[in-house]
Amino acid sequence: MLNADLSDSSERTLSAPLMSSLDETGVLFYDTDAVTMIPSQVAAGYLTLLTADISLSLPALLDGNVVDAAFGISSQSIPASVTIRNNIAEAKKHMKGLPKERQRQAVSAYQKLFQIIIKYHEAMADAGLVRCCKEGEIRRVAVMEVKRAFLVLAEEGVPPPPRDDDSVE
């Protein structure tokens, strides 16, 4: 079960990802801070979309707004920076260039991301009055699980090298 915290997103500016998943080519697939701010109901909607037939879920990932959500972009969000827009475009371009089986793995990775976000919010709600004491732990577990979900997109199953900005505080 997840044990981490939901931050107030009202003060966040969308300039560049603070912590993100990279594959060996340096492609960012999500922004860790942004995904933890996706509301549970929104995550459930994306999960439903991605668990549909592959003929629907793959275009939703490659051409739709699934990746945008993973970078914190929604119809209600502030305009994205050029950096975030470029990261989204690069992630989609990279996934479009993958063989079909790897594209299915990408769909699976984003499915897992949204499942983890739903569990994250459930764990936060379950923490109740001790949420302030549990938030860091719940968030760390969620971040670790999301990173693990995206290892499938690394070449040959080898995880990307650690980066200084990937550390969890």
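Let's start with a term: a residue is buried when its relative accessible area is under 20%, exposed when over 50%, and partly exposed in between (1.4 Å probe, protein chains only). Take Met144, which is partly exposed because its relative accessible area is 43%. Met144 sits in helix α7, and its C-alpha atom is 9.9 Å from that of Thr32, a residue 112 residues away along the chain.

A word on what you're looking at. This is a predicted model, where local features need pLDDT of at least 70 and side-chain atom pairs count only at pLDDT 80 or more, while totals for chains, interfaces and linings use all residues. Residues are numbered from 1 along each chain as its sequence is written, and side-chain values use heavy atoms, with hydrogens and water left out.

## The overall picture

The protein chain has seven helices and two strands. Here helices (H or I, at least four residues) and strands (E, at least two) are DSSP runs, numbered from the N terminus. Walk along from the N terminus and you meet the elements in the order β-β-α-α-α-α-α-α-α.

How much of the chain is buried? Of the 169 residues in the protein chain, 45% are buried. The chain exposes about 8,800 Å², and carbon and sulfur atoms supply 56% of that. Accessible areas like this come from the Shrake-Rupley method with a 1.4 Å probe; for residues, only the protein chains shown count as cover.

Next up is contact, which means heavy atoms within 4.5 Å. Look at the contacts in the protein chain with a separation of 6 or more: residues 24 or more positions apart account for 76% of them.

## Three salt bridges

A salt bridge is a side-chain nitrogen of Lys or Arg within 4 Å of a carboxyl oxygen of Asp or Glu. The structure holds three of them, and here they are:

| Lys or Arg | Asp | Closest N and O atoms |
|---|---|---|
| Arg139 | Asp33 | 2.4 Å |
| Lys96 | Asp63 | 2.8 Å |
| Lys92 | Asp68 | 3.0 Å |

Take the salt bridge between Arg139 and Asp33. This pair links distant parts of the chain, with Arg139 in helix α7 (residues 131-150) and Asp33 in helix α1 (residues 32-35), 106 residues apart. Both Arg139 and Asp33 are buried.

Now for Lys96 and Asp63, another salt bridge. Lys96 is in helix α5 (residues 82-96), while Asp63 is in the loop between α3 (54-62) and α4 (66-70), so to speak 33 residues apart along the chain. Are these two residues buried or exposed? Lys96 counts as partly exposed because its relative accessibility is 45%, whereas Asp63, at 55%, counts as exposed.

That leaves the salt bridge of Lys92 with Asp68. Lys92 lies in helix α5 and Asp68 in helix α4, so this pair ties together parts that are 24 residues apart in sequence. Both Lys92 and Asp68 are buried.

## Helix α3 and its neighbours

Which residues of α3 are buried? They are Ser57, Leu58, Ala60, Leu61 and Leu62. The buried residues of α3 pack against α2 (40-50), α4, α5 and α6 (100-127).

Let's zoom in on α3 and α6. Their axes are 10 Å apart, and the helices pack at an angle of about 80°. Axes are lines fitted to C-alpha atoms, for helices over the stretch in contact, and angles run from 0 to 180 degrees between N-to-C directions. Angles under 35 degrees count as roughly parallel, over 145 as roughly antiparallel, 65 to 115 as roughly perpendicular and the rest as oblique. That's why α3 and α6 count as roughly perpendicular to each other.

On the α3 side, the contact is made by Ile54, Ser57, Leu58, Leu61 and Leu62, and on the α6 side by Lys100, Gln103, Arg104, Ala106, Val107 and Tyr110. Sorted by class, this contact has seven nonpolar, two polar and two charged residues. For the sorting, Ala, Val, Leu, Ile, Met, Phe, Trp, Tyr, Cys and Pro count as nonpolar, Asp, Glu, Lys and Arg as charged, and the others, Gly among them, as polar.

## Two residues to find

Try Val67 in helix α4. Val67 counts as buried because its relative accessibility is 0%. Not counting residues up to four places away in sequence, Val67 touches Leu61, Ile88, Ala91, Lys92, Met95 and Tyr110. The C-alpha atoms of Val67 and Tyr110 are separated by 8.3 Å, with their positions 43 residues apart along the chain.

Then find Gln111 in helix α6. At 18% relative accessibility, Gln111 counts as buried. Leaving aside neighbours within four places in sequence, Gln111 is in contact with Leu47, Leu50 and Thr51. Gln111 and Tyr46 are 65 residues apart in sequence, yet their C-alpha atoms are 8.0 Å apart in space.
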